[in-house]
Every structure is written in C-alpha cells, then in structure tokens.
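Colleague: Got a minute to go through this one with me? I'd like to know what stands behind each label you use.

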Amino acid sequence: MTSHEQRDATSEQKKGNVRTLVLMITSAAVGGTLQYGYNLAIMNAPTVYIQNFVNETVQKRWGIQLEVYQITLIWTLIVSIFSLGGLAGALLAGPMSIHFGRKKTMLLNNIFLMSSALLAVTSRKAQSFEMIIISRYLVGINVGISMNVQPMYFGESAPKRLRGAVALSSSVFTSFGLVLGQVIGLREVLGCEPCWQYLLASNAVPGFIQLLTLPWFPESPRYLLIDRGDQDACLKALQRLRGCEVQKEELDEMLQEKAEFEGRRAQRPWELFGDHSVRWQLISVAIISSAMQLCGNDSIYFYASYIFQEAGIPVEHIQYATIGTGTCEFTACIVCNLLIERQGRRLLLMGGFVLMTGWTIVFTVALSYQHVAHWMPYLSMGCVFTYILSFGIGPAGVTGILPTEIFNQAARPAAYMIAGSLMWLNLFLIGMIFPFVVSGLGQFCFVPFGVVCILTALYIGLVLPETKGKTLSMITSEFHRLNFHKKEKSDPKCKAGHYQPGEICHSTAL
C-alpha cells in the first residue's frame, strides 16, 4: 500500500471513529440530559389547563370549589415534586452506576420514564391529578440519574484531547431539550387544552430512541477495566470508540489508575467528607454545583414572560419570544463546546460568572427605571438574553464535567451524587423562595444572584486549577498542595499525585 493510500485509509478510519463517538453521544444524551431541559419546558404551556383539571376533579369527587390559593398550592406541588424526584435520582445514580455500569444504568433508568409517561397520559381519563404528581416525581428520578451518570459515561469514554468537548455535549442536549420542549409546548402543537396529557407523556419518545440505539454501543472503558477488571472488554470498547489502534499512552494511564484502585472499593458520599485528599475537590464541586441554581438562571426563565409583556409584546406572541431564551442557551452551549478545548475550563467558568454579574447590575438598573424611559423594557429583554448566553458559555456546560476530571474512579460516583443532590436541593429552594424574593426586594430581586455569581467567579479564579489536557495524576497533584498546605520536595509519589485517600505525603514542607 502506498503512503497516499495509507493516509486515505487512516483518514477514513478517523472519520469512522468520530462517527461512532458522535452516535454514542447522541444515543445516550437523547434519552439522558435532553430530558432535563425538555421536562422543565413542557410544564409552562399547560399550567392553566392542569389547574382547571385539578379544580374540576375535586368538584366531581367531593363537590368542593377550591380557592385560588389551594389550586396554586397543588400546582406548586406538581411543579416542585420534579426537583424532589431529581434529588432521589441523584442519590440512586451512584450505587446504580457502580453495580450495573454506566450504560446499563441509563437503559434501566427508562423504567422510571416509561412509568411516568403512562401515568401522565392516562391521568385525564382516570380523573386523577395525583397521577400527575406521581408522574412528575418519577420523571424527576429519571432526570436525576441521567444528569449524573451520562457525564460520567462521556468523561470516561472520551479520548483526553476531546474529553471536555464530549462531556460538554451533555449541556448542549440539555439546552436543546429546553428549546424542543418550548416548541412542542406551542398551542399549535401539543400545548392546547385537548392535548396537555399527551404533552406531559411526550418525553417517552426520546426514551424509546435511547432504548433502541444505546445497546449497540460499548460500556465505559474505564469502568470495564478499573471497576470490573476486564481488560479484554476494555480494549474492545476502546477499539470501537477509537479505532483499531489503541494509544499506548491512554491505556497506560488507565492501567496506572487501575493499579492505584487495586484492593479498594468505590467510596460512599459520607466518606468523601472525611477524606483530606479530596477536600478541595469536594469544596469546588459543591460550590460550583450550588451556584448553577443559585445564580438565578432558571428564575430568569420564569421572569421572562413578565419582561416581554412589559416590553409591549402581545400576550399571544410571548410564547414565541420565550423560545428565544432557550435558543440563546442552546447556541451558547454549542459555542462553549467549540471553545472548551482551546480556552480551557477555568476561563469559561470564571468568564461566564463575571459576565452574569455585569448583566445582573444592568438588569437591576433596567427594572428600577422600567417606567421612566420607554426603551427600558427593551433593555430588560436584552439582559434576559445576554444573561442566559453568559450562563450557557461557561457554567451550564463546564460544571457537569468537573467531577469526572478531578475525582478518581473510586470517588467519582460519590462526587456526582453529592453534586447532583446539591443541584436539585438548590433548584427546589429557588423555586420555592423566588416569588417571595421578588415581592420582598422588587426591582432588586436579582442582586442576591449577582452576589452569588461574583463570589463564585472569585473562588474559581483563586482556587480552581485548569484541567484541560491534563491527566488525573497531574490534576490530583495540583489539588494536593491545597489539601495538605505544603509543597512536595522529596517524595516522588506525592509529586505525581499517587497516594491513597486519607494518606498524607511525607515530604518536607517548604
């Protein structure tokens, strides 16, 4: 074979490898993190219809006319139970991913989704709003598991040079799900009174797609090698994802991590809190995961309709303007996906939070002078879009990949459980207190979110190391200097970051 033919063959092989990786990502994400954005978005359109259904059901059963606050309370439960389901899913994700593996967990996770869809589509016929509550709880469990296991699967399956971009695709599909849910929720599609039960059950379609396609792709190579000790299966999985030739450097890194993992079991979440060797990794994940919700991005979505109405957009057209908010985040996540391997994680994270702080200030000024200048409402509209764009460029995508990059195989599932639990708890908290924040602070209601953003940006700038293109040993070594407040001088094992959880290096403090 000539050198030209060899180059052509190599080029075709690389195309095939990329194609396999892209198809695997699509299959996992369509039934995975896409569901988070989708299930957030589809609840906006049928609000009034479901509230009327609740009132009519109570009247038929007991002949009672519910007060407005009682209907609102039941509706709040329907909406917020999704977050509690997500919390339960986050707690289940770690044990399931360890016992069943990453891929099988995602497949089994569809049991919750299909059960939820079945309850939603039959709730109207059964005259039971309780079925909607249970349905939302079950789909919350599904999403809570997906949001933790899918980034883990991607981070462990991607080559080092594409690790950030592949893991970040989780957030791209989340934002795509948001846009898709907004479109499907239009009155012209399924967001009308006769079809709301089908809208709530439409999340089963992506689940079916995943069930049909994901079995064709391999399990996480790292899970197969490190957790199961099956090197042959690991090599086969790598060959599927990388091509015929497996890079010796990549395999050596995985074997090194396997050697460090030898004789140990996966850590539990409570064990991480007492493990000094991962103290600052845990603090970093906890702060940044909490900031994801406490920054108020989801609250901006809730506030968008009011801002658009104040800007003079006719009520019947607001639903189309709202699609623009989801499109902004989707576009920003794609941009972030293109930039992450060039600019790194730290810059995108810190830059996103700094920009959000700036737009919070402008937003507060615009709300304060809403009725003074005729163009102020349009400035408020601009702030909605730019705030969401800033969130999508960094925090929306990079946050999900951090546990994969800064924790080893033993601690990773537990780290995702903690990060996911904090995310869902804070989502529930923000959903419950936001109306009171708005009524109590008025035009200054976004000042607390600005404070969260600037404090998070300062933490990232001062503490979080860059992880782009680095091995786990290199990243662990950087955190080690924070965890033990000393620089390694003599112990080569410490310099490489090769120590067991809880082990303090015996090097001289400088």
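Colleague: What share of the contacts in the protein chain with a separation of 6 or more comes from residues 24 or more positions apart?

Modeller: That share is 80%. Keep in mind that this is a predicted model.

Colleague: What is the count of helices and strands in the protein chain?

Modeller: You'll find 25 helices and zero strands. Buried residues account for 55% of the 510 residues, and the accessible surface is about 21700 Å², with 66% of that belonging to carbon and sulfur atoms.

Colleague: Why is C336 called buried?

Modeller: Buried means under 20% relative accessible area. C336 comes out at 0%, so it counts as buried. C234 also has a relative accessible area of 0%, so the label buried applies there too.

Colleague: And why is C336 not in a disulfide with C333?

Modeller: A disulfide needs cysteine sulfur atoms within 2.5 Å. The closest cysteine sulfur to that of C336 is the one in C333, at 6.7 Å, so that's too far for a bond. By this rule, the count of disulfides is zero.

Colleague: What makes R61 partly exposed?

Modeller: Its relative accessible area is 34%. Buried would be under 20% and exposed over 50%, with partly exposed in between, so R61 gets the middle label. R61 sits in helix 3, residues 47-62.

Colleague: Which residues is R61 in contact with, leaving aside neighbours within four places in sequence?

Modeller: Q127, S128, F129 and E130. R61 and Q127 are 66 residues apart along the chain, yet 9.2 Å separates their C-alpha atoms.

Colleague: How do you know how the reach of helix 4 compares with the expected span?

Modeller: Helix 4 covers residues 68-100, which is 33 residues, and 48 Å is expected at 1.5 Å a residue. From first C-alpha to last, helix 4 reaches 46 Å, close to that value. There is a kink of about 35° at A93, shortly before the proline P95. After helix 4 comes G101, with a positive phi near 95°.

Colleague: Which residues have the most contacts inside the largest nonpolar core?

Modeller: L272, L349, F353, F363, F407 and F446, in a core of 56 residues. Helix 22, residues 412-441, gives this core its largest share, seven residues. Apart from that core lies another of 28 residues, including I42, I141, F173 and I184.

Colleague: What does F407 touch, not counting residues up to four places away in sequence?

Modeller: L272, V278, Q281, L282, V285, R412, A415 and L472.

Methods: Residues numbered from 1 in each chain as written. Predicted model: local features only at pLDDT ≥ 70, side-chain atom pairs only at ≥ 80, totals over all residues. Heavy atoms only, no water. Helix = DSSP H or I, 4+ residues; strand = E, 2+ residues; numbered from the N terminus. Expected span 1.5 Å × (residues − 1). Bend = angle between axes of the 7 residues up to and from the residue. Buried < 20%, exposed > 50% of the residue type's maximum accessible area, 1.4 Å probe, protein only. Contact = heavy atoms within 4.5 Å. Areas by Shrake-Rupley, 256 points an atom, 1.4 Å probe, with all protein chains shown as cover. Core = buried A, V, L, I, M, F, W, Y, C linked by side-chain atoms within 4.5 Å.
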